[in-house]
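This briefing covers selected residues, helices and charge pairs of one model. Please consult the sequence and the structure shown here alongside the points that follow.

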Amino acid sequence: LMAADVARLSGHPQLAVDPLVRLVSKHRTDARAGLAAFTLGRLYLGELGRPRDAAHAFADVRRIDPGSPLAEDALVREVEAYARAGDVAIARERAAEYVRRHPSGRRIEEMRRRAGGG
């Protein structure tokens, strides 16, 4: 994580990808793996303009640690990433999943709209 942070904070987001991917793929049981996946998703979605990869990284957060405080936000960002990638049907499915899983969630109204439910 430190190598990724140094790369990101020094303005080299592409150099942060490999250390994050390694942590997520080789150390999935590490307590920091979910955070690494979330950070990877943010990099892909923001600085690197790779929304489909971002969606996969955010989905990984939920697979690695579904009870994590990041899991709810990761699902919202996954919806956003699929929408940006042009995968509208998958974005709707994930938004509907958010509505089912987090009926009192902070982003419930937005996710209802994205799911097509009002």
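Arginine 8 has a relative accessible area of 27% and is therefore partly exposed, the buried class being under 20% and the exposed class over 50%. The residue belongs to helix H1. The model is a predicted one, and the points below are grouped by residue, helix and charge pair.

**Arginine 8 and arginine 50**

- Leaving aside residues up to four places away in sequence, arginine 8 touches Ala16, Thr39 and Leu43.
- Between the C-alpha atoms of arginine 8 and valine 88 there is a separation of 30 Å, and the two residues are 80 residues apart along the chain.
- Arginine 50 sits in the loop between H3 and H4.
- With a relative accessible area of 30%, arginine 50 is also partly exposed.
- The contacts of arginine 50 are Gln14, Tyr44 and Leu45, where residues up to four places away in sequence are not counted.
- From arginine 50 to valine 79 the C-alpha to C-alpha distance is 14 Å, with their positions 29 residues apart in sequence.

**Helix H3**

- Helix H3 comprises residues 33-45; at 1.5 Å a residue its 13 residues should span 18 Å, and the end C-alpha atoms are indeed 18 Å apart, so expectation and model agree.
- Eleven of the 13 residues of H3 are buried, which means that the helix is largely enclosed by the rest of the structure.
- The buried positions of H3 are Ala33, Gly34, Ala36, Ala37, Phe38, Thr39, Leu40, Gly41, Leu43, Tyr44 and Leu45.
- The cover over these buried residues includes helix H1 (2-9), helix H2 (13-26), H4 and H5.
- Two of the buried residues of H3, Thr39 and Leu43, are among the contacts of arginine 8.
- Two others, Tyr44 and Leu45, are among the contacts of arginine 50.

**Helix H6**

- For helix H6 (residues 88-101), 14 residues at 1.5 Å a residue should span 20 Å, and the distance of 20 Å between its end C-alpha atoms agrees.
- Ala91, Ala95, Glu97 and Tyr98 are the buried residues in H6.
- Viewed down the axis of H6, the buried residues fall within an arc of 155°, so they line one face of the helix.
- In general, an α-helix has 3.6 residues a turn, so residues three or four places apart point the same way.
- Ala89 and Arg100, on the other side of H6, are exposed.
- Helix H4 (51-64), helix H5 (69-85) and helix H7 (108-115) are included in what covers the buried residues of H6.

**Glutamate 72**

- Glutamate 72 is located in helix H5.
- Which side chain of opposite charge is nearest to glutamate 72? That of arginine 106 is nearest, at 4.8 Å, and glutamate 72 is buried yet has no salt bridge.
- Since a salt bridge requires a side-chain nitrogen of Lys or Arg within 4 Å of a carboxyl oxygen, the 4.8 Å separation explains why arginine 106 does not qualify.
- The backbone nitrogen of arginine 106, however, lies 3.4 Å from a polar atom of the glutamate 72 side chain.
- A polar contact of 2.5 Å joins the side chain of glutamate 72 to that of tyrosine 98, and Tyr98 is one of the buried residues of H6.
- Beyond residues up to four places away in sequence, glutamate 72 touches Tyr98, His102, Gly105 and Arg106.

**Salt bridges**

- The structure contains 16 salt bridges.
- In general, side chains of opposite charge can pair when their charged atoms come close.
- Arginine 62 and glutamate 97 form a salt bridge through their side chains, at 2.7 Å from N to O.
- This pair links distant parts of the chain, with arginine 62 in helix H4 and glutamate 97 in helix H6, 35 residues apart.
- Both partners count as buried: arginine 62 has 16% relative accessibility, and glutamate 97 has 13%.
- Salt bridges with shared partners join Arg62, Glu78, Glu93, Arg94, Glu97 and Arg101 into one network.
- Arginine 32 and aspartate 30 meet in a salt bridge of 2.8 Å, N to O; arginine 32 is partly exposed at 45% relative accessible area, as is aspartate 30 at 23%.
- The side chains of arginine 107 and glutamate 110 form another salt bridge, at 2.8 Å from N to O, and arginine 107 is partly exposed with a relative accessible area of 28%.

Technical notes:
Residues numbered from 1 in each chain as written. Predicted model: local features only at pLDDT ≥ 70, side-chain atom pairs only at ≥ 80, totals over all residues. Heavy atoms only, no water. Helix = DSSP H or I, 4+ residues; strand = E, 2+ residues; numbered from the N terminus. Expected span 1.5 Å × (residues − 1). Buried < 20%, exposed > 50% of the residue type's maximum accessible area, 1.4 Å probe, protein only. Arc of directions from axis to C-beta. Contact = heavy atoms within 4.5 Å. Lys, Arg positive; Asp, Glu negative; His and termini not counted. Polar contact = N/O pair within 3.5 Å; in protein donor to acceptor, adjacent residues only side chain to side chain.
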